[in-house]
Amino acid sequence: MRMTTDEALDLFLNAPLQDLCKKANDFKEKLHGKKVFWVNNRQINYTNVCVLHCRFCAFSKIKKDNPEAYDWDLPTIHQKAKEAIEKGARELHIVGGLHPDHPFEYYVEMLSSLRSKFQAVNLKAFTAVEICHFAKKSSRTPKEILEILKQAGLDALPGGGAEILVQSVRDKICGKKETGEEWLSVHRAAHSLSIPTNATMLFGHIEKPEDRIAHLEMLRNLQDEAPGFFAFIPLVYLPQKNDLNRIVPKRTSEEDILRTVAISRLFLDNFPHIKAYWIQMGIETAMKALHAGASDLDGTILEEKISHAAGASSPIGLTPSVMQELIIKEGLSPIERDAKYETYP
Ligand code: V47
Ligand code: SF4
């Protein structure tokens with residue numbers, strides 16, 4: 001019998017931490033044994049100029065003339081891609097702010113020019129929120145946008161922008177963003193076009209445990225209805241330099257992070273992977289998460305701006321050998337993958 005939301009809430013709140021983590025680890029081992037998946041990748045956060053101002057976000061700048069605002073041109077993006085590919089990158093994770101000026105054609109050119117120069121690398125690009133922004137700007141539907149981007153070389157959508165899908169909470173932390181329903185409908189459309197996607201949840205701010213479980217339920221339902229999610233990534237709210245800092249000035253505890261990873265693994269029984277995003281959790285906690293249900297460590301990353309703007313203290317990137325050594329030290333087996341979970345011996 002499948003876990004109900006009441007059971008999930010009860011386990012999350014009341015199970016002893018060790019028991020909860022063991023249960024989640026047993027389930028993870030049923031799916032993947034001792035394997036831990038990782039990717040040689042680079043994040044390219046192409047601009048921080050954004051028409052929105054989500055309260056938790058320390059990365060975005062509304063004004064283009066803010067001295068900290070940037071907007072990389074295509075040669076800069078190509079240079080960053082080239083550097084990563086020379087280091088063996090199999091995935092470019094490309095996301096940015098919602099720039100007010102660029103036409104949709106600019107993003108099509110971004111992907112098609114990358115694809116024509118670098119045929120083998122996977123392009124995991126643009127959150128559902130960016131897809132909706134392009135749709136509004138070009139008077140197209142999100143599905144039409146996805147079709148064009150797929151044609152231009154898009155391989156997968158990252159899971160950002162989900163925040164908390166429960167609308168009452170979403171309204172309080174990012175009221176101007178697409179609704180939770182709209183976020184889900186972009187991923188539904190992507191799956192219908194055979195574009196695989198990920199899903200995130202930003203937690204550890206004003207949301208209640210019930211909101212987290214409701215968020216997981218929406219994802220589980222969508223995966224039943226229109227499968228296509230590879231990984232779920234619980235994103236740890238980081239409190240620095242954002243507008244939520246006055247209300248939530250501290251990062252949540254390690255126990256809360258591990259409980260959230262574990263309950264996600266158990267509840268999302270139709271998701272292949274739970275990711276321990278070491279950039280936000282920190283390496284030590286990410287290693288513990290590998291024994292609490294997580295089967296993926298994301299990647300080498302090389303450069304990251306969103307979490308580091310909000311106070312992430314992790315290094316900017318890890319080399320592939322350090323990544324593998326970390327996994328082996330935990331008694332687990334590193335498996336290199338790409339954005340589509342093709343694996344490499
Ligand atoms: O969408 C913004 C979040 C996301 C903060 O799909 C914050 O493989 C914490 O989505 N504290 C971007 N989080 C990161 C993301 C992601 C990361 C790794 C892998 C994948 C994947 C996706 O970061 C944003 C937003 O939800 N974010 N501000 C903050 N203060
Ligand atoms: Fe813009 Fe994304 Fe930051 Fe929101 S989270 S302000 S959409 S960059």
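In these legends, Ala, Val, Leu, Ile, Met, Phe, Trp, Tyr, Cys and Pro count as nonpolar, Asp, Glu, Lys and Arg as charged, and the others, Gly among them, as polar.

**View 1. Meet the shell around ligand 2 in this predicted model.** Cys50, Leu52, Cys54, Phe56, Cys57, Phe59, Ser60, Gly97 and Lys177 are the residues around ligand 2. By type, this shell has six nonpolar residues, two polar and one charged.

**View 2. Here is the largest cavity, where ligand 2 sits.** The count of cavities of 30 Å³ or more comes to one. Inside the largest cavity there is about 750 Å³ of space. Its lining is made of 41 residues, and Gly160, Gly161, Glu163, Leu235 and Ile306 are the closest to the centre.

**View 3. Now visit the largest nonpolar core, with its 109 residues.** Which residues touch the most other members? They are Ile94, Met110, Phe126, Leu146, Leu149, Leu219 and Leu297.

**View 4. Finally, take a look at Leu146 and its contacts.** Beyond its neighbours within four places in sequence, Leu146 is in contact with Ile131, Leu154, Leu157, Val186, Ala189, Ala190, Leu193 and Ile195.

How values were computed. Residues numbered from 1 in each chain as written. Chains lettered and ligands numbered in written order. Predicted model: local features only at pLDDT ≥ 70, side-chain atom pairs only at ≥ 80, totals over all residues. Heavy atoms only, no water. Near = heavy atom within 4 Å. 1 Å grid on protein atoms, 1.4 Å probe; cavity = no way out; pocket = protein on both sides within 12 Å on 5 of 7 lines; lining within 4 Å. Sits in = over half its atoms within 2 Å of the grid points. Core = buried A, V, L, I, M, F, W, Y, C linked by side-chain atoms within 4.5 Å. Buried < 20%, exposed > 50% of the residue type's maximum accessible area, 1.4 Å probe, protein only. Contact = heavy atoms within 4.5 Å. Points joined across faces, edges and corners; volume = space filled by probe spheres on them.
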